[in-house]
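Colleague: Got a minute to walk me through this one? I'd like the sheet, a few helices and the empty spaces.

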Amino acid sequence: MPKVSILSPSYNHGKYVQEAVNSVLNQPFQDFDLVIVDDASQDGTWERIQAMTDPRIRKARNSKNSGAPYTTYQCFRQFQGDYMAFLPTDDVYLPEKLQKQVAYLDAHPEVAAVLTWVQIIDDDSQPFEDLSHYVFEDYYTDPALRKPPTLEKNRFTQPNRSRYEWLNHFFHNFNCLCAPTAMLRPSLLPWLDDYFRHGRLVKTADFELWVKICMHHPIHILQEPLMQYRVRAGGANASAYVQRDIPLYDWEHVQVLMNFLDIRSLSDFKAIFPAAQTYGAVAGDDDMVPFLVGRHALDFGIACNSATHRRFGVLAIYEAMGDVALAEKIMARCDFGFPELARMVSDQDIFNIRQVQECKQQIRALEHSRINV
């Protein structure tokens with residue numbers, strides 16, 4: 001069995017697939033297999049893959065175009081190494097990527113994932129320097145923390161943090177890790193099959209992966225670029241942030257935040273959110289954590305004008321109040337009962353119903369004014 005299995009979903013990557021595969025085959029570290037699954041490409045990608053003869057390359061093709069989550073799961077089903085790496089076939093490994101990541105995981109058995117910094121390239125494998133693109137955009141939710149973009153750092157140029165610090169960072173901000181750089185230790189992650197199989201998250205699946213991992217294990221970022229991440233023209237990347245998908249991003253972001261309801265102890269809550277209020281909770285009130293997570297999300301969403309955090313906060317609090325015993329404790333500890341819950345739902349208006357009604361009234365007024373002209 002190989003030391004590393006590299007999962008490579010592919011779709012209409014005919015222009016890039018050979019460069020991607022060569023970047024693996026030319027690594028100094030050679031104890032790997034490369035699992036490529038083509039998602040019914042229509043640009044000659046599959047024909048190029050079929051022509052590859054290295055015995056470490058395993059190939060398969062979906063009978064119809066099924067999307068990135070399904071294709072990645074088909075790659076995962078063929079995983080057989082000690083470690084798992086990723087390479088969408090429009091990206092490129094830099095020399096020594098595999099060697100340095102394997103060495104780190106071998107030396108740190110407690111670490112569940114090791115990632116790297118990246119170089120950003122364009123369709124023609126040249127440096128990508130459009131500072132208006134989201135890969136250079138500051139990802140902080142709080143406007144006070146945002147800085148002007150620079151070519152020296154992209155959003156994936158991250159320092160190392162403890163797992164509690166990462167969870168705090170992920171909760172309050174957007175995704176800032178580059179999934180194709182990751183190498184995982186599956187032996188610490190027995191839930192990976194379910195994670196890859198359910199495939200509900202299209203734009204934020206990797207974001208959820210980091211949260212799930214850091215709930216129990218540390219991760220590490222090698223502080224050097226060991227991969228080239230390609231930004232394709234016209235928003236062609238599977239994870240591209242495009243205007244039409246903003247509602248999808250918001251919905252999926254809320255689903256990622258739902259993972260924070262899995263925090264099971266008040267001590268972990270305090271470690272992840274040291275600045276958060278505990279609203280009367282005391283030692284032993286571990287069952288109150290979902291309510292506290294919801295209240296913290298709501299407080300943060302109001303302070304930073306984050307509709308996503310407000311939506312999640314309201315949903316989390318409402319769900320917590322559905323547990324009769326927990327609701328009684330919340331009423332006693334926090335002076336928060338069902339009247340306050342109803343007022344919160346109305347005040348927060350997480351579906352923007354008042355705004356929609358105001359727009360409808362304005363439209364009616366305009367139509368009425370035209371009729372009377």
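Modeller: Sure, here is a quick tour, starting with the ground rules. This is a predicted model, where local features need pLDDT of at least 70, side-chain atom pairs count only at pLDDT 80 or more, and totals for chains, interfaces and linings use all residues. Residues are numbered from 1 along each chain as its sequence is written, and side-chain values use heavy atoms, with hydrogens and water left out.

Colleague: OK, sheet first. What order do the 8 strands come in?

Modeller: The order is β3-β2-β1-β4-β7-β6-β8-β5, in an open sheet with mixed pairing. Strands here are DSSP runs of E with at least two residues, helices are runs of H or I with at least four, and both are numbered from the N terminus. Two strands pair if DSSP finds at least two bridges between them.

Colleague: And which are the edge strands?

Modeller: β3 (57-61) and β5 (92-93), each of which pairs on one side only.

Colleague: How does β5 pair with β8, parallel or antiparallel?

Modeller: Antiparallel, over 2 bridges. Val-92 stands opposite Gln-228 of β8 there. β8 also pairs with β6, in the parallel sense and over 8 bridges. Thr-116, for example, has Leu-222 in β8 as its bridge partner.

Colleague: Is β8 mostly covered or mostly open?

Modeller: Mostly covered, with 9 of its 12 residues buried. Buried means under 20% relative accessible area, exposed is over 50%, and partly exposed is in between, using a 1.4 Å probe and protein chains only.

Colleague: Now helices. Which strands does α3 lie across?

Modeller: Helix α3 (residues 68-76) lies across β1 (4-10), β2 (32-38) and β4 (83-86), and runs at about 150 degrees to β1. Axes are lines fitted to C-alpha atoms, for helices over the stretch in contact, and angles go from 0 to 180 degrees between N-to-C directions. In α3, Thr-71, Thr-72, Tyr-73, Gln-74, Cys-75 and Phe-76 are buried. The buried residues of α3 pack against those strands, β1, β2 and β4, and also against α6. Contact here means heavy atoms within 4.5 Å.

Colleague: How many residues of α7 are buried?

Modeller: 7 of the 10 in α7 (residues 205-214). Among them are Phe-207, Trp-210 and Cys-214, and Glu-208 is on that list too.

Colleague: What covers them?

Modeller: The cover for the buried residues of α7 includes the strands β6 (113-121), β7 (183-184) and β8 (219-230), plus the helices α5 (163-172), α6 (192-198) and α8 (246-257).

Colleague: Switching to empty space. How many cavities of 30 Å³ or more turn up?

Modeller: The search of the whole structure finds 1, with a volume of about 30 Å³. On a 1 Å grid over the protein atoms alone, a cavity is a set of points where a 1.4 Å probe fits but cannot get out; a pocket is an open set with protein on both sides within 12 Å along at least five of seven lines; lining residues have an atom within 4 Å of a point. Grid points are joined across faces, edges and corners, and a volume is the space filled by probe spheres set on the points.

Colleague: What lines the largest cavity?

Modeller: Its lining includes Leu-115, Thr-116, Cys-176, Cys-178 and Ile-221. By class there are 6 nonpolar, 3 polar and no charged residues. Nonpolar covers Ala, Val, Leu, Ile, Met, Phe, Trp, Tyr, Cys and Pro; charged covers Asp, Glu, Lys and Arg; the others, Gly among them, are polar.

Colleague: And the second largest pocket, what is in its lining?

Modeller: That lining has 7 nonpolar, 4 polar and 6 charged residues. Asp-138, Tyr-139, Lys-147, Lys-153 and Asn-154 lie nearest the centre of the pocket, which holds about 380 Å³ of space.

Colleague: Which residue between β2 and α2 should I look at?

Modeller: Try Ala-40, in the loop between β2 and α2 (45-50). Ala-40 has a positive phi of about 55 degrees although it is not a glycine. Its relative accessible area is 9%, so Ala-40 counts as buried.

Colleague: Last one: why does Leu-261 count as buried?

Modeller: Because its relative accessible area is 17%. Leu-261 sits in the loop between α8 and α9 (266-272). Leaving out residues up to four places away in sequence, Leu-261 touches Pro-290, Val-293, Phe-312 and Ala-316.
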